[in-house]
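Student: Please take a close look at one part of this model, the core, and set it in its surroundings. Begin with how far the prediction can be trusted.

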Amino acid sequence: MSLINDTFKRGSAGASSSRHGLASGESRDAIGYAIAGLQKLAQNELIDRLGLRKQTEQLVFTATRNGFKTATVAGRQFGKVQRKSGPGKRPATANRSGLFDLTPTEDEQMLVDVVTDYATEVLRPAAAEANETCVAPAEVLAASLEIGLPILGVPEELGGITEERSAMAGTLVAEALGQGDMGLALAALSPGTVATALGLWGTASQQETYLPAFTGDDVPVAALALTEPTVLFDVLNPTTTATRSGDGYVLDGVKSSVVRGADSELFIIGAMLDGSPTLFLVESGAEGLSVEADPSMGVRAASLAKLVLSGVQVPAEAVLGETDGSTYTECVRLSRLAWCALAVGTGQAVLDYVTKYVNEREAFGEPISHRQAVAFMVSNIAIELQSMRLVTYKAASRAAAGKDFSREVALARQLCGSKGMQIGLDGVQLLGGHGFVKEHPVERWYRDLRAVGILEGSVLV
Amino acid sequence: MINLETPKKHRVLVDQAHQVAMNMLRPISRKYDQAEHEYPKELDMLAAMIDGLSDSGSNEGAGATGVRRDESADDGSVKNGANLASVLSIAEMCWGDTGLLLSMPRQGLGNSAIASVANDEQLKRFEGTWAAMAITEPSTGSDSASITTTARLDGDEYVLNGEKIFVTSGDRADSVVVWATLDKALGRAAIKSFVVKKGNPGMKVERLEHKLGIRASDTAVITFTDCRVPASDLLGSPEVDVKQGFAGAMATFDNTRPLVAAMAVGCARASLDLTRDLLAQAGIVVDYDRPAQVQSAAAAKFLQMEADWEAAHLLTMQAAWMADNRKPNSLEASMAKAKAGRVGSDITLSCVELAGSVGYSEAELLEKWSRDSKILDIFEGTQQIQLLIIARRILGLTSAELR
């Protein structure tokens, strides 16, 4: 009986209520202790009885004013000094002012303007046909080389164009491309993705081996292959394996949704090595590598392919980055970031398209936009699109600053997957039957947006 | 340069607000939820502390009056000012307790209204007052342009007549900012706001409401019967500018909506923080790198809630940042309010669901937060009103076209 009583006491008025809903991680700092003391003082009946409340409050005012002044100065943070180390050249992380700011830098804005023109004038007009043929037209890809897409994420000293870590610029570029067409954007970004990865994680010799091709005139087709044809696929736990063999490794497994897989000359492939997911550089000529087309629901212009690896031998220096899973995980996060940016761009395309459509389409004697049932769908697209954009930008700016962005990119992916799909769905719905036919691009965007949150790899920023 | 972190210069303020919320508000949170209409005397001490903070300059101008638009010359540089400081500190305080934040002396929504539309002379004269906000009437809620409370000029005084409901801090505040029409025939342009001081014989608090949540905050019904106020207490310009229309009085909302969004963000985070902890104790750890569909349903739900929360938080910061940098933010303020309002409800209610009867019981605060959050999707413009404003802006439609 007493045991029951004790338990009941603890359950009702015990541990939980005395913590006032605080999570176990919460702790008081010096100011917190002072405030807690103040709180006791404020509840004290004695100061009322003695008529001291007003004086006490005056005292608190003065003490607080002075006390918090000190706290402000003591709380100042100074920038950390960066030290160079490690093999291979690495892009520097961006310099920060510490201000909340949504304005791109002048360089970023210039880049976005160029890429937006390319997306509007080259990608969008080519999108419908590329979707049918499952091929990105040669002139579209040639133009992508002209505007420097492959070397966007490569440091200056390696022949690229970035002075510092380019995750933010890359995100803005992918967003602008996504506004043109997601499938073509993937096709155009694929070589640059591999070049960026080499810049981020390559050894000096890997960079010297491969990067000159990407920074030259004859840019190779290349692909980052992480996805596998597995139900409930967990990218951090690939079934493709790497087994040590002599000085090198043997790779076995199947990769799916590989962008321009049939044309690629160089792959970065994810495989499990000694229990840790690891990236491997595999050239297309390797023995045991075969490719078959893998056309899917959407992003068809990206010429998706299935890549079968059976007993593919690669040398020891094929490993890209660390073998403890850290490089692989960072790669997955940066890739998800790029997918989010593509989703934001495509979502913007939907919003712009339906805005015009619902204002022009008439029913019951007036534009359908005059009805709340229609207008509110547009509002929700706008709200969720800006939600996706801001959370994606936060992840990107943290990545660019060299901060941990695992939480932010996970949240961005969660939003861009679910809300992005909702935007695609509502885009078709707002056009009714017209949205269902290929006369309008919304059905393509619907199919493309389903890729977000499902496909891994392919692009990174 | 794009950066969405809490600015370095505001981090100390946020930490301080968090400590105040944790050590001052949380310990009395349940007490005043149960003792509805009892004056939380602890708040006077806190208000003194906040005034001290304000005087030291370390609060970055945060608070209800932090929403005044700076008219000084623009040097083109990016600013993180009082609007951002206000939403960040209000979110922290509501992480502590939303009802108590709303009861904070001298931090009423009326103070924000004064800061938004008062001229410099009035701003000085009303400094230090605690002002409640009275807009809603028994038959006029969202349709605030059709209020029936009248203001008639008689000599150098206005005479107010009408009934206002849902006046937050209506009983406790020193003054009430009242919306009234100078001439109903002239429509929304004739609606002006007046500061009515407590003790004015024409103003009477009729009763206090019993509510679902934010019970620490008093919500009053106030009647005005031949209530005379000096003509100089009409906020802003007395002229009825039909072209400018409603803009004057409505400008308040561009400033106060991000504040209410911040309240929802803070309240929801209280639920998220505790639920994450309770789930961890139950063996559920959220993995950010693994796909949600390979984790438990509880972890997947948590990821969805946290993503929505982050979006609401950033939309709120965006709206405040735009105000700090003198960019028109009506669209963004409504987006923040709409997203934060609905996300606040989803998160607080879902956290109760995840925690089961632990969440439903008064032994924890989860059930309280899920009651407190509901009002935040209603006052200062309901979810539906925000969607209407957003749609009109995006689609370029007038209020006659999209009703």
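Tutor: Residues 1–15 of chain A have a pLDDT under 50 throughout. The model is predicted, and for this stretch it has four contacts beyond four places in sequence. Residues 67–86 of chain A are also below 50. That stretch has 15 contacts in the model beyond near neighbours in sequence. Across chain A the average pLDDT is 89. A score of at least 70 is reached by 89% of the residues.

Now the chain around the core. Chain A contains 15 helices and ten strands. It has 461 residues, and 50% of them count as buried. Take the contacts in chain A between residues at least 6 apart in sequence: 76% of these join residues at least 24 apart.

Next, the core itself. The largest nonpolar core holds 267 residues. Leu184(A), Phe280(A), Leu337(A) and Val378(A) have the most contacts inside it. Helix α11 of chain A, residues 326–360, gives the largest share of this core, with 18 residues. In soluble globular proteins, nonpolar side chains tend to be buried together.

Leu184(A) deserves its own look. Set aside its neighbours within four places in sequence. Leu184(A) then contacts Leu123(A), Ala126(A), Ala127(A), Ala130(A), Ala136(A), Val140(A) and Ala301(A).

One helix pair comes next. Helix α8 (residues 167–180) of chain A packs with helix α12 (residues 372–400) of chain A at an angle of about 145°. Their axes are 7 Å apart. From α8(A), the contact uses Ala167(A), Met168(A) and Thr171(A). From α12(A) come Thr392(A), Tyr393(A), Ala396(A), Ser397(A), Ala399(A) and Ala400(A). The residues of this contact between α8(A) and α12(A) are six nonpolar, three polar and no charged.

Last, the domains. The assignment for chain A gives domain 1 as 106–219, domain 2 as 225–320 and domain 3 as 326–449. The C-alpha centres of domain 2 and domain 3 of chain A are 30 Å apart. Where these two domains of chain A meet, eleven residues of domain 2 contact nine residues of domain 3. On the domain 2 side, strand β5 (residues 276–283) of chain A supplies the largest share, three residues. That side of domain 2 of chain A, touching domain 3, divides into eight nonpolar, three polar and no charged residues.

How values were computed. Residues are numbered from 1 along each chain as its sequence is written. Chains are lettered from A and ligands numbered from 1 in the order in which they are written. This is a predicted model: local features need pLDDT of at least 70, side-chain atom pairs count only at pLDDT 80 or more; totals for chains, interfaces and linings use all residues. A nonpolar core is a set of buried Ala, Val, Leu, Ile, Met, Phe, Trp, Tyr and Cys residues joined through C-beta atoms within 7 Å. A residue is buried if 20 or more other C-beta atoms lie within 10 Å of its own, exposed if 12 or fewer, and partly exposed in between; C-beta atoms are placed from the backbone. Helices (H or I, at least four residues) and strands (E, at least two) are DSSP runs, numbered from the N terminus. Two residues are in contact if their C-beta atoms, placed from the backbone, lie within 7 Å. Axes are lines fitted to C-alpha atoms, for helices over the stretch in contact, and angles run from 0 to 180 degrees between N-to-C directions. Ala, Val, Leu, Ile, Met, Phe, Trp, Tyr, Cys and Pro count as nonpolar, Asp, Glu, Lys and Arg as charged, and the others, Gly among them, as polar. pLDDT is the predictor's confidence in each residue, from 0 to 100. Domain bounds come from an automatic or database domain assignment.
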